[in-house]
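Grab a viewer and a notepad: here are a few exercises, each with a worked solution. Try each task before reading on.

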Amino acid sequence: MNSFKNAYFNKLSSFLLKKECLIAVYLLLAIIAGFKQYHHHTYNNYLIFKYVYWHTLDLQNLYNNYPEYQDSNHYGPVFSIFIAPFALLPDGLGCILWNIANVVILLLGIYSLPISLNKRTIIAWICVHEALTALFSFQFNIALTGLILLSFSYLVKKKEVQSAFFIAIGTMIKLYGIVGLAFFFFTRNKLKFIAACFIAFLVLFILPMVISSPAFVVQSYADWYHSLAHKNDLNASLTSFQDISLMGIVRRTTGNINLPNAPFLLAGLVLFGLPYLRTKQYKHIGYRLMLLASTLIFTVIFSSGSESPTYIIAFAGVAIWFMVQQNPKKGWAIALFIFAFILTSLSPTDIFPRPVKEFIRLYSLKALPCVIIWLTIIYQMMKEDFESYLITDK
């Protein structure tokens with residue numbers, strides 16, 4: 001009986017670890033989420049995205065509230081070009097294809113990582129629930145996670161031009177993409193990378209002028225700045241669905257809504273930068289992957305704009321951190337990962353009673369495990385020797 005169970009378990013594990021199985025699951029979830037939200041007329045985010053193209057075409061302010069949707073756009077002018085193929089389609093088809101495009105970019109990012117194939121597939125499985133959460137909101141954060149991963153992988157592969165364009169695309173659509181510059185010290189061709197970044201940002205700055213005008217694009221960047229500043233003020237509300245961050249935890253547990261972000265950001269940047277002092281570790285892929293994990297989590301836990309669907313970015317960092325840990329994994333690392341999976345990933349689901357979910361939301365506790373793991377990463381990067389880390393074993 002036990003041998004039968006073991007054989008069945010081995011077959012199931014082998015099937016689930018097939019890249020094709022994982023891709024099929026992601027595509028199916030993208031289709032189901034897109035269809036469900038369109039069918040129930042709950043695709044306001046997609047409408048915001050879609051009208052970025054049409055408002056650019058009509059030279060209308062990209063950041064005003066419009067009757068077509070009940071919110072405002074917060075993405076950069078170049079987003080009008082990337083959303084155009086979907087905006088031209090009927091909404092139902094556009095919703096589904098938009099979700100598919102996002103998961104394709106995420107999977108390309110995950111499978112580009114310099115780590116064994118099985119570990120890449122496990123990372124994708126770990127992220128699947130957070131990806132589904134973001135899919136229901138048609139969030140670009142799914143693709144943004146993929147772009148950050150691609151910017152890392154291509155820089156490690158000494159393909160500086162491609163890396164620069166991935167960074168520029170992420171940044172010019174949503175500022176989070178700028179964190180790709182954290183990997184700058186991993187390239188030996190620094191001048192080539194800097195030149196590629198300059199060209200990439202310039203091209204993407206000019207690109208939306210093709211369907212609008214230079215004056216409109218320049219004005220749109222000014223409008224974008226004011227829009228983000230206003231949004232940042234609103235995020236600090238004690239009842240907001242955003243500010244799921246370290247600052248949000250402190251603001252909401254203390255009731256001090258006026259607590260500024262700057263001290264947290266300054267302390268966070270200092271801690272984030274400390275591992276860069278260990279220059280001899282740069283060459284080790286384990287160290288590089290830990291920096292990638294740190295970057296992904298830092299981006300979210302130190303942003304007052306973070307909301308539940310944003311955590312696909314941070315949870316990709318959690319997954320990478322967990323898979324970098326050596327086998328057999330330490331008990332404390334497993335416990336911390338389980339804590340993160342339950343509180344960060346599963347807390348918005350019906351597994352938790354409504355009062356518990358509301359308590360977690362009100363105090364931004366979804367961020368707590370990621371904060372602890374990020375601090376753990378900083379500690380490990382400062383103390384451990386990554387030469388012995390086995391990353392690409394099959």
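**Exercise 1. Where is the place of P260?**

Start with the ground rules: this is a predicted model, where local features need pLDDT of at least 70, side-chain atom pairs count only at pLDDT 80 or more, and totals for chains, interfaces and linings use all residues. Residues are numbered from 1 along each chain as its sequence is written, and side-chain values use heavy atoms, with hydrogens and water left out.

Step 1: P260 sits in the loop between α11 (246-254) and α12 (262-273). Helices here are DSSP runs (H or I, at least four residues), numbered from the N terminus.

Step 2: check the accessibility. P260 comes out at 44%, so it counts as partly exposed. The scale is relative accessible area with a 1.4 Å probe and protein chains only: buried is under 20%, exposed is over 50%, and partly exposed is in between.

Step 3: pick a partner for a distance check. P260 and L93 are 167 residues apart along the chain, and their C-alpha atoms are separated by 43 Å.

**Exercise 2. Find the residues that touch the most other members of the largest nonpolar core.**

Step 1: get the term straight. A nonpolar core is a set of buried Ala, Val, Leu, Ile, Met, Phe, Trp, Tyr and Cys residues joined through side-chain atoms within 4.5 Å.

Step 2: the largest such core has 119 residues, and Y26, L292, I320 and W321 touch the most other members. Helix α14 (residues 311-324) supplies the largest share of this core, 13 residues.

Step 3: zoom in on I320. Leaving out residues up to four places away in sequence, I320 touches L113, I123, L149, L289, L292, A293 and L296 (contact means heavy atoms within 4.5 Å).

Step 4: look for what lies apart from the largest core. There is another core, of 5 residues, among them L343, F352, I360 and L365.

**Exercise 3. Work out how α3 and α4 are oriented, then do the same for α7 and α14.**

Step 1: recall the bookkeeping. Two packed helices are described by the angle between their axes and the distance between the axes. Axes are lines fitted to C-alpha atoms, for helices over the stretch in contact, and angles run from 0 to 180 degrees between N-to-C directions.

Step 2: take helix α3 (residues 44-57) and helix α4 (residues 79-87). Their axes come within 8 Å and cross at roughly 110 degrees. That makes α3 and α4 roughly perpendicular. The cut-offs: under 35 degrees is roughly parallel, over 145 roughly antiparallel, 65 to 115 roughly perpendicular, and the rest oblique.

Step 3: list who meets whom. From α3 come Y46, F49, K50, V52, Y53, W54 and T56, and from α4 come F79, S80, I83, A84, F86 and A87. These residues divide into 10 nonpolar, 2 polar and 1 charged. In that split, Ala, Val, Leu, Ile, Met, Phe, Trp, Tyr, Cys and Pro are nonpolar, Asp, Glu, Lys and Arg are charged, and the others, Gly among them, are polar.

Step 4: now helix α7 (residues 141-156), which packs on α14 at about 45 degrees, with the axes 8 Å apart. So α7 is oblique to α14. On the α7 side the contact uses N141, I142, L144, T145 and L149, and on the α14 side I312, I313, A316 and I320. The tally is 7 nonpolar, 2 polar and no charged.

**Exercise 4. Explain why C127 forms no bond with C370.**

Step 1: a search of the whole structure turns up 0 disulfides (pairs of cysteine sulfur atoms within 2.5 Å).

Step 2: the closest cysteine sulfur to that of C127 is in C370, 11 Å away, which is too far for a bond.

Step 3: check burial. C127 is buried at 0% relative accessible area, and C370 is buried at 0% too.

Step 4: place C127. This cysteine lies in helix α6 and touches Y26, I312, F315, A316 and A319, not counting residues up to four places away in sequence.

**Exercise 5. Find where F138 and S364 sit, and say what their phi values are.**

Step 1: the background is that most residues other than glycine have a negative phi.

Step 2: F138 is not a glycine, yet has a positive phi of about 55 degrees. F138 is in the loop between α6 (117-135) and α7, buried at 1%.

Step 3: S364 also has a positive phi of about 55 degrees without being a glycine. S364 lies in the loop between α16 (354-362) and α17 (368-383), and is buried at 0%.

Terms used: Helices (H or I, at least four residues) and strands (E, at least two) are DSSP runs, numbered from the N terminus.
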